[in-house]
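Subject: Handover of a structure with its ligand

Dear colleague,

Please find the structure for your study below. A short account of the ligand and its surroundings follows.

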Amino acid sequence: MTKEEILKQYFGYDSFREGQDELIDAVLSGQDVLGIMPTGAGKSICYQVPAMILPGITVVISPLISLMKDQVGALNQAGIPAAYLNGSLSAHDYFEAVERAKMGEYKIIYVAPERLEVESFSSIAEECEISFVAVDEAHCVSQWGQDFRPSYLKIHSFISSLPKRPVVGAFTATATKRVMDDIVTYLHLVFPKTLVTGFDRPNLYFETHQSLQNKTAFIVDYIKRHPDSSGIIYCISRKNVEKLCSALLDNGISATRYHAGLSPEERRRNQDDFIYGDKLVMVATNAFGMGIDKSDVRFVIHHGMPKSLEAYYQEAGRAGRDGLKSDCILLYSGKDVAINRMLIDSNDGNPNLSPTEQDAIRSKELERLKQMTFYSTTTDCLRDYILKYFGETGCGKCSNCSNCLVEAEEIDITKEARKLVACVAVTGEKCGQMMLFDFVRGVPGEKLKMFHLENKKGFGCLKDVSVRRLREILEYLLRTGYLKTGEYNKLMLTERSHDILSETVKMKVTKERKKRMRDRKAERATGKNSELFELLRQKRAILAKEEAVPSYLIFSDKTLHEMASEMPLNDNEFMRITGVGTRKCEKYSGEFIPIIRKYVQEH
Ligand code: ADP
């Protein structure tokens with residue numbers, strides 16, 4: 001079969017997405033590959049399709065047990081023989097899988113990096129031909145990445161121990177130069193075909209809110225306005241997870257929780273409840289989500305700000321993997337910066353690195369945090385901000401764009417800006433944000449007293465300006481380089497500071513919302529066919545329960561929407577729907593077509 005036939009027959013897709021066919025062609029021609037694609041872009045297809053064409057076995061090395069189970073489940077659903085080998089299997093199941101692998105029953109085997117050294121696994125390598133090794137989440141090999149895994153460093157010795165060197169493919173969403181170099185070096189990729197696809201996720205809508213009075217009320221209201229949507233809410237601390245989750249439950253919302261403080265059993269149970277659709281909302285710390293493949297997540301809300309845009313884009317990017325419109329909302333408050341700084345400062349770092357290297361990593365993390373803060377507070381296009389950060393450009397579909405919901409107004413802040421900069425100078429660059437605000441608003445306090453600042457000129461010079469507005473202006477001054485932050489987040493002057501005396505400073509601020517966000521929910525539903533969609537969805541839920549698999553493994557929402565609008569009435573038409581392959585057609589056309597036929601007759 002050709003790669004296009006495999007794509008259609010097993011996965012039900014008509015065409016490859018950007019980058020997929022180039023990477024697959026390279027693998028099939030025997031060339032190593034390095035694929036950098038954002039979350040949801042479709043990296044798995046890049047190794048699953050070649051696996052079906054190449055002789056022997058493809059080994060997929062993946063750091064996450066939950067991902068393996070999910071992916072193997074999806075492959076088996078599509079009729080591809082696959083298995084996984086990791087510590088979650090009982091000894092009996094593990095050895096059975098090893099034996100079956102040796103008998104050549106599988107085309108794809110997922111394995112945790114730690115397993116590569118285990119003797120039973122090497123015995124597979126001795127007895128079977130491994131023609132392709134795909135390294136998923138390949139950034140884990142780099143100490144400069146976010147999720148360094150020492151066992152990834154052993155992948156190379158595993159590959160070189162094989163009787164014949166297989167083609168090696170590395171896949172990740174992290175595109176920094178340093179990480180990419182590390183991947184090539186440590187995995188010993190040979191002249192790899194390197195492909196970096198665009199970072200834009202057009203179906204994601206970005207929204208930020210600063211200093212909301214009541215985040216819980218906002219979240220409850222949002223969920224109630226999106227009643228059947230599944231979503232993830234990320235909190236910075238375990239305590240916040242607990243508090244928010246019980247508030248949601250008190251409001252009758254179907255929610256569960258996940259953080260490192262829960263027992264492994266409870267984590268697994270809660271994760272399954274979310275994946276299988278028994279619970280709609282997951283409240284979690286960033287411990288949740290790596291490797292979660294649920295494609296119908298309709299929103300990701302950040303209750304607090306994460307430490308970097310890389311982390312944010314990765315977490316927010318868990319929304320809308322099925323390509324349908326989904327929301328990514330960030331609720332920012334000033335104290336998030338301090339909490340994140342504390343987390344960075346208290347991190348002991350990697351003991352294998354020298355103090356100089358540790359310092360370099362720390363200052364990089366602080367720089368990332370600064371960029372993240374700017375994203376949270378900017379009044380410019382959010383999408384453009386993210387894409388620029390990753391070296392691209394793009395615009396639209398965010399809460400700051402004028403065609404969206406917020407009316408932006410330009411105001412002259414020259415007077416306030418000059419006073420703030422002057423006060424940073426007058427107070428000898430000793431103040432952090434809150435202390436400076438107290439100073440300019442004339443609020444006496446211990447710290448100001450300690451530094452003898454209460455009698456200085458400028459004390460109380462902005463007493464009529466709200467803290468919220470001061471924060472907006474200060475963020476603007478930091479963003480535009482009139483001020484900077486130094487050690488312990490103290491505010492400091494820059495080379496540009498004195499220019500403020502001769503310049504007019506205008507800042508865009510968000511005015512009152514003129515009109516409510518247009519009803520994106522209505523846009524999401526496919527108009528008159530939403531009734532049929534609902535019927536198909538109910539059928540899918542029943543099948544999922546019977547087969548004990550997550551419903552999106554049967555068909556994604558996108559596939560059901562297409563069925564509802566195209567209304568296929570026979571197998572041929574059914575096969576034309578995106579996401580329907582031969583196997584799924586055989587298995588499910590008899591379940592769904594009668595519902596469509598009945599609907600057509602009745603209407
Ligand atoms: P990644 O690993 O890059 O985060 P996945 O491999 O999980 O992304 O793919 C994300 C989603 O896109 C999955 O639901 C997958 O089935 C779907 N997908 C991948 N390739 C295609 C394609 N060529 N056409 C349609 N859907 C695709």
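A polar contact is a pair of N or O atoms within 3.5 Å; within protein, one must be able to donate a hydrogen and the other to accept it, and residues adjacent in sequence count only if both atoms are side-chain atoms. The model is predicted, so local features need pLDDT of at least 70 and side-chain atom pairs count only at pLDDT 80 or more, while totals for chains, interfaces and linings use all residues. Residues are numbered from 1 along each chain as its sequence is written, and side-chain values use heavy atoms, with hydrogens and water left out.

Polar contacts of the ligand

An oxygen atom of the ligand lies 3.1 Å from a polar backbone atom of Gly 42. A ligand nitrogen is 2.9 Å from a polar backbone atom of Ser 15. In the side chain of Arg 321, an N or O atom is 3.1 Å from an oxygen atom of the ligand.

Residues around the ligand

There are 15 residues around the ligand (a heavy atom within 4 Å of it), and Tyr 13, Ser 15, Gln 20, Gly 40 and Ser 44 come nearest. This shell holds five nonpolar, six polar and four charged residues; Ala, Val, Leu, Ile, Met, Phe, Trp, Tyr, Cys and Pro count as nonpolar, Asp, Glu, Lys and Arg as charged, and the others, Gly among them, as polar. Helix H3 (residues 43-53) gives the most to the shell, with three residues; helices are DSSP runs (H or I, at least four residues), numbered from the N terminus.

Yours sincerely

Technical notes. Helix = DSSP H or I, 4+ residues; strand = E, 2+ residues; numbered from the N terminus.
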